[in-house]
Every structure is written in structure tokens, then in C-alpha cells.
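Visitor: I would like to know how the labels used for this model are earned. Could you take me through them?

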Amino acid sequence: MNPTQANRSTPDVEKLARRRAGAKMGWYIHAFVYALVNLGLVALSASRGHSWAVYPLMGWGLGLLIHGAVIWFVAPGGNFYDRLVERERRALRSGERG
């Protein structure tokens, strides 16, 4: 258990766990809809002899990538967030500025 988790009460941990699980479930739904819709768009563009489906694939794919980065790396309780909080905690305890 890391120091950030040690300071949380059980109801706080439960609330954070539910929020994180909901956020991750939202990303999985987003990814499923992305795959389903873009599969249809690729089939439609291929049947017409064009390759325009690459544009929604790239645009929406970038959105999905950003969504995933926020969920797994930046959101409170994520590993990256916890490391930043711990780094700031150490800096404040040692009197550093920055």
C-alpha cells in the first residue's frame, strides 16, 4: 500500500475505487463503439472504392488515446498521479520550492 492510500479511510477508498472503475468502464465502452463504428465506416468506404475512412479513424483514435491517457495515467489514484503527489509531498517536507 502506498502512502497516498494509507491516509484514506475505507469509505474514501470505496468511493475512489468506484469512480476509477466507472471511468475505466467508460473507456472500454468508448473503445468498443470506436471499433464497431469505424469497422462499418471502413466497410462503407471500401465498398465505394475510396479510402476516406482513415480520417475518422485517426481523429477519433486520437480522442480515444487521450481519453485512455487521462484514465490510466493522469486521473487521481493513477500511478502517475500518485508518483507526482508523493514527489510534491517529499519536496514540501524538505522545504524545496518548485
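Guide: Gladly! Let us start with a term: buried means under 20% relative accessible area, exposed means over 50%, and partly exposed is in between (1.4 Å probe, protein chains only). This is a predicted model, in which local features need pLDDT of at least 70, side-chain atom pairs count only at pLDDT 80 or more, and totals for chains, interfaces and linings use all residues. Residues are numbered from 1 along each chain as its sequence is written, and side-chain values use heavy atoms, with hydrogens and water left out.

Visitor: Why does Tyr34 count as buried?

Guide: Tyr34 has 17% relative accessibility, so it counts as buried, the cut-off being under 20%. Trp60, at 28%, counts as partly exposed.

Visitor: What makes Tyr34 and Trp60 an aromatic pair, and why is the pair called edge-to-face?

Guide: Rings of Phe, Tyr and Trp (its six-membered ring) pair if their centres lie within 6.5 Å; planes under 30 degrees apart are stacked, over 60 edge-to-face, and the rest tilted. Tyr34 and Trp60 are 5.5 Å centre to centre with 90° between the planes, so both conditions are met.

Visitor: What does the pair of Tyr34 and Trp60 tie together?

Guide: Tyr34 lies in helix H2 and Trp60 in helix H3, so the pair ties together parts 26 residues apart in sequence. Helices (H or I, at least four residues) are DSSP runs, numbered from the N terminus.

Visitor: How do you know that the length of H3 agrees with what a helix should span?

Guide: The expected span is 1.5 Å times one less than the number of residues. For the 21 residues of H3 that gives 30 Å, and the end C-alpha atoms are 28 Å apart, which agrees.

Visitor: Which residues of H3 are buried, and why are they said to line one face?

Guide: Gly61, Leu64, Gly68 and Ile71 are buried in H3. Seen down the axis, the buried residues fall within an arc of 90°, taken from the directions from the helix axis to the C-beta atoms, so they line one face of the helix. They pack against H2, where contact means heavy atoms within 4.5 Å. On the other side of H3, Tyr55, Met58, Leu65 and Phe73 are exposed.

Visitor: What makes up the largest nonpolar core?

Guide: Trp27, Ala31, Tyr34, Leu64 and Ile71 form this core of five residues. Such a core is a set of buried Ala, Val, Leu, Ile, Met, Phe, Trp, Tyr and Cys residues joined through side-chain atoms within 4.5 Å.

Notes
Helices (H or I, at least four residues) and strands (E, at least two) are DSSP runs, numbered from the N terminus.
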